[in-house]
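The questions below ask why certain words are used for parts of this structure. Each answer sets a value against the definition of the word.

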Amino acid sequence: MKQSQLLAVTLRESPGDAEAASHRLLLRAGYIRQLAAGIYTYLPLGRIVLRKLEQMIREEMDRSGAQEVLLPAIQPAELWQESGRYEMYGRELIRLQDRHKRDFVLGPTHEEVITDLVRSEIGSYRQLPVILYQIQTKFRDERRPRSGLLRGREFLMKDAYSFAIDEATMQQSYKIMYDAYHHIFERCGLDFRAVEADAGSIGGQGNTHEFMVMTDAGEDTIAVCSYCGYAANLEKAESAASSFIPVSIRNEADEKVLSAEAAAFPTMMDIPATDSATGVIGITEETDSTDHVQPEKVHTPGLRTIAQLTEALSITPDRIIKTVIFLVDSQPIAVLIRGDEEINEIKVRNYLQVDELVMADADTVQRVTGAPVGFAGPYALASTELVCLADYSILALKDAIAGGNEEDYHYLHVNVQRDLVLRHIGDFRNVRAGDSCPRCQDGHIHFQRGIEVGHVFQLGDKYSAAMNATYTDSSGQDQPIQMGCYGIGVSRLVAAIVEQHHDEQGICWPASIAPYQVHLIPVSVRDEQQMSTALELYKKLTDAHCEVLLDDRNERAGVKFKDSDLIGIPIRLVIGKGAAAGEVEYVERSTGIRELLTTEQAIRCILTAAIIE
């Protein structure tokens with residue numbers, strides 16, 4: 001391609017609203033242009049990169065045994081109503097009507113459509129397992145689209161769906177896709193890792209993993225163990241329960257008690273050794289000076305916040321029991337957590353097995369607790385019918401401070417094991433840096449930032465049961481198909497690669513997905529020798545199936561070099577004064593290595609390099 005004919009206008013200045021490096025550079029280098037908030041046009045350079053990623057993904061999907069389909073972007077609303085997601089998905093779902101007033105949606109994902117297809121095409125166990133995939137534009141009405149291609153309202157996605165006769169076979173398909181994703185991201189030249197994650201609005205019954213590109217620009221926080229391979233999104237990251245549960249409880253408690261995930265709301269989670277008459281946890285252990293001090297209700301005028309309490313009472317936040325009231329399907333619940341910890345609402349929602357959890361308004365707090373916001377406490381609430389979820393972090397507290405459920409009052413000297421009825425105990429907090437690893441116990445948690453570029457789910461029968469997608473087994477009985485789904489944000493992947501592969505001058509594309517492999521730059525197009533050499537190199541390289549961009553523009557050398565750095569093609573050949581002697585300058589964009597070579601040496605170096613697949 002001759003650059004004088006390429007639609008790629010570079011910008012000297014970064015757009016004012018572009019914060020992410022990938023957003024700035026893709027705009028400046030002429031890869032994309034914004035049409036509206038979260039909606040972008042791909043110029044020729046951007047389309048080439050996108051097409052290469054699509055091809056790479058297709059190769060790995062086909063190699064895995066998956067089959068490509070193309071599903072409609074416009075979907076009947078009744079399919080979403082049938083699955084139960086039409087209202088649950090929220091305002092990100094773009095809804096519309098046709099001229100006949102029939103309801104449709106613009107597909108943000110395709111679980112409903114693919115399930116509808118499979119239930120009409122597959123009837124026997126002999127047709128399973130099967131994996132189907134597509135690469136298609138998706139639509140989500142993001143409340144705040146930002147960071148260019150990293151969070152848009154229209155984006156390109158590869159979504160795959162597996163269908164199997166049982167859970168074991170579904171997990172085999174999951175492993176196939178999990179491995180294929182590793183191959184794809186390795187070929188992209190990315191530093192990434194698969195982390196445990198929450199299923200979100202997609203849902204499902206088994207494991208789910210996000211594939212995270214590691215970069216400080218990422219909007220996701222990842223909890224990583226310093227010793228073992230444990231890694232999880234902050235939404236999913238587990239706390240090491242043993243860090244909080246007293247030894248006597250740990251030794252006696254059933255494993256199910258120590259796992260919030262094993263309990264289904266509203267099943268009781270009673271710890272063994274609970275006094276049957278009072279329902280209060282009672283265990284035998286060594287006493288200290290606070291064990292016989294009874295709770296005392298004291299006047300605390302105006303002390304509503306953790307900060308105000310700690311300052312006024314000269315205590316640390318870890319001695320406070322924080323009581324937060326939420327609404328679940330219009331019903332109030334309470335979550336108890338230590339004052340220095342933060343509630344993880346997704347863990348609470350998953351424990352209760354509900355789709356929505358909202359903070360209670362001030363009137364609800366007043367009605368439930370008898371006090372305005374800031375004075376709720378567990379001392380009385382835990383013995384009522386109100387469901388109280390207690391985080392592990394409060395279990396060892398013996399001289400704690402808690403709200404008095406009366407305006408301007410708190411309780412002092414609360415002993416959790418002695419004074420509180422705790423029937424729902426689990427992990428409801430965000431992990432913190434320095435926490436013990438929940439898996440190996442030898443390492444400690446530290447945080448990294450990442451960009452999610454892929455997500456794999458074990459759906460089980462979530463959609464097949466709701467939509468009656470069944471197969472006939474070997475005995476003639478109908479069984480729900482077991483499903484998995486697997487997504488890659490293709491356009492987001494473009495931005496994630498740039499976030500990891502750039503410098504102050506511009507983009508440094510990995511060779512596998514660069515728009516061109518070689519950038520030929522004659523210093524002066526008016527110099528006949530330079531242009532003759534450049535055209536000769538262009539012909540030989542293109543004849544050898546090398547992708548070459550020839551900068552034949554009548555521009556100053558400095559402008560050409562700046563544009564070349566900005567565009568980020570892996571290898572640059574500069575044809576200058578040495579052309580008369582048959583020499584060119586060979587430059588590697590990512591390393592900055594420069595070498596003076598003969599034209600033949602340069603051609604051999606390019607054609608034998610790893611960039612040619």
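Q: What makes S26 and S29 the edge strands of the open sheet?
A: The open sheet has five strands in the order S26-S25-S27-S28-S29, with mixed pairing. Strand S26 (548-550) and strand S29 (594-598) each pair on one side only, and that makes them the edge strands. Two strands pair if DSSP finds at least two bridges between them. Strands themselves are DSSP runs (E, at least two residues), helices are runs of H or I of at least four residues, and both are numbered from the N terminus. From one strand to the next the twist averages 25 degrees.

Q: How do you know that S25 is joined to S26?
A: Three bridges join strand S25 (residues 518-522) to S26, and the two run parallel. Within this pair, leucine 520 is opposite leucine 550 in S26. In general, strands of a sheet pair through backbone hydrogen bonds, either parallel or antiparallel.

Q: Which helices lie across S25?
A: Helix H15 (residues 557-567) lies across S25 and strand S27 (571-575), at about 175 degrees to S25. Helix H16 (residues 599-608) lies across S25, S27, strand S28 (583-588) and S29, at about 115 degrees to S29. Such angles run from 0 to 180 degrees between N-to-C directions, and axes are lines fitted to C-alpha atoms, for helices over the stretch in contact.

Q: How far can the model be relied on for such statements, and what is counted?
A: This is a predicted model: local features need pLDDT of at least 70, side-chain atom pairs count only at pLDDT 80 or more, and totals for chains, interfaces and linings use all residues. Residues are numbered from 1 along each chain as its sequence is written, and side-chain values use heavy atoms, with hydrogens and water left out.

Q: Why is H1 called roughly perpendicular, parallel or antiparallel to H13?
A: The axes of helix H1 (residues 21-28) and helix H13 (residues 490-500) come within 8 Å and cross at roughly 100 degrees. That angle makes H1 roughly perpendicular to H13. The cut-offs are under 35 degrees for roughly parallel, over 145 for roughly antiparallel and 65 to 115 for roughly perpendicular, with the rest oblique.

Q: Which residues make the contact of H1 with H13?
A: Ala21, Ser22, Leu25 and Leu26 of H1 make it with Val494, Ala495, Val498 and Glu499 of H13. Contact means heavy atoms within 4.5 Å. These residues divide into six nonpolar, one polar and one charged. Ala, Val, Leu, Ile, Met, Phe, Trp, Tyr, Cys and Pro count as nonpolar, Asp, Glu, Lys and Arg as charged, and the others, Gly among them, as polar.

Q: Why is histidine 23 called buried or exposed?
A: Histidine 23, in helix H1, has 4% relative accessibility and therefore counts as buried. Buried means under 20% relative accessible area, exposed over 50%, and partly exposed in between (1.4 Å probe, protein chains only). Beyond its neighbours within four places in sequence, histidine 23 is in contact with residues including Asp17, Gln34 and Tyr40.

Q: What word fits proline 145: buried, partly exposed or exposed?
A: Proline 145 has a relative accessible area of 22%, so proline 145 is partly exposed. Its place is in the loop between S7 and strand S8 (154-164).

Q: Why is serine 314 called buried or exposed?
A: Serine 314 has a relative accessible area of 67% and is therefore exposed. Phi of serine 314 is near 55 degrees, a positive value in a residue other than glycine.
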